[in-house]
Amino acid sequence: MMASFAALLQASTAFAPVFSPLPSRLQPAPRLHLRGSPNRRRRGVALAASSAASPEVEKEPSTSSSPQESESAVADSVKVLKEAAKTRKVPAPEVLSALSKIKKAKLDTSTFFETLGGTESPGRTWMLIFTAKGRLEKGQYFPVTAVQRFDAAGKRIENGIYLGPIGCLTFEGRLSWKKKILAFIFERVRIKVGPFGPLEIGLGSGGDGREPSTKDPFFVWFYVDEEIAVAQGRGGGVAYWCRCQRVP
């Protein structure tokens with residue numbers, strides 16, 4: 001099975017921008033669920049495989065700051081990430097700096113899961129915008145369309161990489177949430193090529209029915225609001241997503 005980041009890339013059907021369309025070259029991308037963004041073409045995003053196979057999330061030394069300073073830094077960083085999601089023109093070093101500040105902040109995580117996965121099935125969909133290596137020294141906007149669906153009510157996850165008329169690769173499975181850690185196990189993969197119907201393949205590791213744990217691929221979430229979400233994979237890679245809405 002693909003590593004956690006690559007594995008975490010699925011949605012179903014088509015997607016339409018809720019705010020600022022950031023389509024890929026090959027197919028319309030989801031509409032970003034952001035406020036006040038101009039319509040603009042974009043390259044899609046693909047959540048690359050990079051964390052499930054690696055051992056543990058990297059730990060960074062904590063830095064002390066007043067609650068007011070930390071809150072202000074997070075607010076400013078969130079603005080940077082939302083602008084980057086809308087335009088894809090914010091320089092990578094600025095995005096990396098914003099991710100670093102959010103990662104170091106001590107935030108209340110009690111509403112993260114509901115915000116991420118909604119209160120009813122089939123949950124909410126999120127499009128990958130940017131990924132970075134663990135120490136946030138390098139990162140990039142993702143070049144193909146990658147969308148993730150989290151269903152908090154049904155405890156399900158669905159991830160996919162979409163290549164327009166060429167086809168798509170999608171994964172589906174179950175998830176668990178504990179504090180700010182979302183662990184998952186994929187049960188099946190679907191491969192669709194051109195106009196042909198999808199080929200579905202069961203994954204042996206997903207058939208035991210046990211609840212996902214930190215022995216499986218997982219994400220640690222640092223920030224989630226109604227528009228963007230920031231997390232780190234098991235192997236240390238950091239990424240952020242923008243909420244998007246599928247077309248019925």
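Ile-129 lies in strand β3, which spans residues 124-132; strands (E, at least two residues) and helices (H or I, at least four) are DSSP runs numbered from the N terminus. The model is predicted, and local features were accepted only at pLDDT of at least 70 and side-chain atom pairs only at pLDDT 80 or more, whereas totals for chains, interfaces and linings use all residues. Residues are numbered from 1 along each chain as its sequence is written, and side-chain values use heavy atoms, with hydrogens and water left out.

Ile-129 has a relative accessibility of 0% and therefore counts as buried (buried, under 20% relative accessible area; exposed, over 50%; partly exposed, in between; 1.4 Å probe, protein chains only). The C-alpha atoms of Ile-129 and Ala-85 are 6.3 Å apart, although the two residues are separated by 44 residues in sequence.

Ala-85 is one of the buried residues of helix α2, which also include Val-74, Val-78, Leu-81 and the lysines Lys-82 and Lys-86. Helix α2 covers residues 67-87, 21 in number, and reaches 30 Å from its first C-alpha to its last, close to the 30 Å expected at 1.5 Å a residue; the expected span is 1.5 Å times one less than the number of residues. Arg-88 follows α2 and has a positive phi, near 55 degrees.

The whole structure contains nine aromatic pairs (rings of Phe, Tyr and Trp, the last by its six-membered ring, with centres within 6.5 Å; planes under 30 degrees apart are stacked, over 60 edge-to-face and the rest tilted). Phe-130 and Tyr-141 form an edge-to-face pair, at 5.2 Å centre to centre and 90 degrees between the planes. This pair links distant parts of the chain, with Phe-130 in β3 and Tyr-141, eleven residues away, in β4 (residues 139-141). Phe-130 is buried, because its relative accessibility is 0%. One aromatic cluster is formed by Phe-150, Phe-171, Phe-184, Phe-186, Phe-219, Trp-221 and Trp-241.

Arg-243 is located in strand β12 (residues 238-246). With a relative accessible area of 14%, Arg-243 is also buried. Its side chain makes a polar contact of 3.0 Å with that of Glu-226 (N or O atoms within 3.5 Å, one able to donate a hydrogen and the other to accept it; residues adjacent in sequence count only if both atoms are side-chain atoms).

On the surface, Ile-191, Val-193, Phe-196, Leu-199 and Ile-201 make a nonpolar patch of about 470 Å². Strands β8 (181-193) and β9 (199-202) each supply at least two of the patch residues. Ile-191, in β8, is partly exposed, with a relative accessible area of 34%. Patch residues have over 30% relative accessible area and no salt bridge, with nonpolar side chains (Val, Leu, Ile, Met, Phe, Trp, Tyr) joined within 5 Å and like charges within 9 Å. A salt bridge is a side-chain nitrogen of Lys or Arg within 4 Å of a carboxyl oxygen of Asp or Glu.

How values were computed. Areas by Shrake-Rupley, 256 points an atom, 1.4 Å probe, with all protein chains shown as cover.
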